[in-house]
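Visitor: I am new to this structure and should like to understand the words used to describe it. May we look at it together?

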Amino acid sequence: MGACRLMIDVMFGSLVGLLTNPQTMGLMLIAVMIGLIVGATPGIGGRLSIALAIPFVFGMDMTQGAVFLLTMHAVNGTSGQISSIMFGVPGDGDDAATTIDGYPMAKKGEAGRALGASITASGFGGIVGAIVFAVMIPVLEPVVLSFSPAEFFLLAVLGITFIAFLAGKGQIFKGIIVGLFGMMLSTVGMDPQTGTARYSGDYLFLWDGLSTITAVLAVFAIPEMIALAARGGSIASTGGEIVKVSYRQLFAGVLEVPRHWFLAVRTSIIGAIIGMVPGLGGSAAAWLCYGHAVQTSKTPERFGHGAVEGVIAPETASNAKEGGSLLPTLFFGIPGSSGMAVMMGAFLILGIQPGPAMMTQNIDLVWTLIWALVVGNLIAISFLLFITRWVALLTFVNAAMLVPFILVLVMVGVYSAEGQWENLIILLLIAAIGWGLQRYDWPRAPFVIGLVLGKIAEESLHKALGLWGIGFFTRPLSLVLIGLIAATIAYAIYSNVKGKNVMPAGAGS
Amino acid sequence: MAKTVVKGVLAAAAAMLAGTGANAQADASFFNGKTVTYIVATAPGGGYDTYGRLVAEYMQKYLPGSTFVVRNMPGAGHLIGTNALYASKPDGLTLGTFNTGLVYTQLAKHEGVRFDLTKMSWIGKAATDPRAVVVASQSPIKSWSEVTTSKEPLNFATSGPGGANFVEVLAMTSILKLPIRMLSGYNGTDDQLAMRRGEIVGTIGSRSSFDQFVANGYGRFLGQFGGSEKDIPQMADLVKGNPEAERLVRLITAQGDIARLTAAPPGVPAAQLGALRAAYRAAMEDRELQARAIKLEKPVEPLYGEDVARAIEQALNQSPEVVQLLVEGFSKGRGR
């Protein structure tokens, strides 16, 4: 009882400490702004922004420095959705999932509603992520350690089976073909087992595999821009008349999150747990949650044509994972993502020693960081909701003015992501395929899923086979995942045979 | 022309004697108003980037009027950035840093290598980061001798063919006939997590990246390749009596001794190279830089110009047996 009381003291003491220190709050405001700007620019990841900010935190107070960097990193994903929704230009692999339904909404003139929903979902995800962080502290160790390469493999396979639902009705074979094509391209690069360069010719830049952001922009952004230029007019095709992006429309979007609160809570928790387990990566979180939203929807055929759940699910997941990935970073000293790896370097500079001792020696700092995640997300969503009204007007700008500008933005993003000009050629090649898919109404999401999850599946399968041989899947958690995969496939076949009006068992959103 | 060469040699000599920023400035006028590109052959964040940015910032301080721009060129295990550095114009305006593990890559005559490390214009190295053998604390293995005599095969994590620890574990295993089973695909901190899960017994890695892991009680060091620390047995002592193994340990030791390199392409004019080396030395002796490096837990242990060139040359001078092992380390598994 006394210990509990003490814990609550520390918990809220940290919040009061954070909110009443004007200097820390000022730094947080600056961090939110930088994080949002970096996040809105395609190609520049959060990792780079932390690396560049490190010189500025030299000499900062431990808590302030950590709060500054963490806030900057945490709100990064919040602004990436703006270009995904408005122009169909995702900022990175996670945002690509938001594009699938966000951009069709913008085309219907509902950019305001989509942005309202996605911004709120991001903030909601970030806050739930912080709560999951707090709740998981005592059980962190068993949960994280129960995910081995065998489970990674099965999670990736589970994500791949969602393709069956993403493809839309009657398109399951097209979906599988596109998904397999994505998986094939995921094998480009150095074979992790044999050291042989696959499909790379003499080009060293292909050794690390196909650049995900290049592929994503090629498949989504470029075809949309070609279509827009060919059609003329503006992104929002509402018959030439400018729909006033009112606060009412925005607010309607905000309200979509409480309307779909159960989905938002589920995808936030899934996102946070995926973030907690190092090795799966953020894109996997967004895509798994998007697939989950489609699979559990009563009307899956709306997805891809502007379903608001398709915006909420990936956005909650990608912000929730930040809280999750902070856990192993702080308590094991093992970073949960590449961004967190850079963050850990910065923590050392500030004099924070990540490890199990954090729990006993620095618990007030831990709580301050949890609160920083919550407060930082709240600042970010209020700011974005405030400016969105004007930003959304861009979807009514004439294509002739908009398209060249966005194409430049896409190319700068592709180049700056890895600093290799050769990726611009890859962009053109894959864009041709993406345009073909779009023109003949083939699904494009399975391509990205195959590309992102194919790599994880291959690497983990090799590891699991090397460690345990062919019987690797007999671990208890593996069996649960196999059950889920089997159920997903069975349900996909069932609903395809039975027609599309079947209600998923026990589903609701 | 001859005059500038003499001037450069003098500058280099003066810098070596005095080793202060004041002398460097006298011949650093070439760099006034120029932009120097510092290539980091890996992505932002992490050790190479941190050291690279630190070196660039302080070299700029000691080359008045110059502007250093750090450019990250990641890819293909530092090969892309290093190839670009090697092929850049040798005017003293392009420098860079890359993984010392490329010594292995060059020795193995790997297809991606488009450089010759012995020909580079060496500026200096900033740190000593010895390699070490580490095992999970939950494994029954307590010492190196228990590794060599284990009846059960021991799972060791490696990044994959061509990676430094893959080459090292493979070479040690085959020379000492160790009961080690190698598993690939463990990148970044995957190996630490796998040791915590218990699926992996140990690995070889740089000591600095496992210090925290060991301090947290998750692992223990069994042996270290070189370095000044005295708390861990030296691998050179542990393999004494096996000349081939001793040679291999010396090669792996060189890895750690010459860490965090700075180099320019071959053929940089002596005047510019002298000024760069002097500025590098002044940067390394800067108290502010030292204080910052210590805060990063990455203390500065510098070596300059010719000394680095000699160390690289020594490391590249290996017996055909070792070279053969390295070639295998880069191609193992092909056609399997």
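**Terms and values for chain B**

Visitor: What makes the radius of gyration of chain B agree with that of a compact globule?

Guide: The radius of gyration is taken over C-alpha atoms, and the globule rule is 2.2 Å times the number of residues to the power 0.38. For 336 residues the rule gives a value near 20 Å, and chain B has 21 Å, so the two agree. The C-alpha trace spans about 70 × 40 × 35 Å along its principal axes.

Guide: This is a predicted model, in which local features need pLDDT of at least 70 and side-chain atom pairs count only at pLDDT 80 or more, while totals for chains, interfaces and linings use all residues. Residues are numbered from 1 along each chain as its sequence is written, chains are lettered from A and ligands numbered from 1 in the order in which they are written, and side-chain values use heavy atoms, without hydrogens and water.

Visitor: Why is helix α4 of chain B called mostly covered?

Guide: Buried means under 20% relative accessible area (1.4 Å probe, protein chains only). In α4(B), residues 79-87, 7 of the 9 residues are buried; among them are Leu79(B), Ile80(B) and Tyr86(B). In chain B as a whole, buried residues make up 60% of the 336 residues.

Visitor: Which elements do the buried residues of α4(B) pack against?

Guide: They pack against β1 (35-40), β3 (94-97), α5 (102-107) and β10 (259-264) of chain B, where contact means heavy atoms within 4.5 Å. Helices (H or I, at least four residues) and strands (E, at least two) are DSSP runs, numbered from the N terminus; chain B has 15 helices and 11 strands.

How values were computed. Buried means under 20% relative accessible area, exposed over 50%, partly exposed in between (1.4 Å probe, protein chains only).
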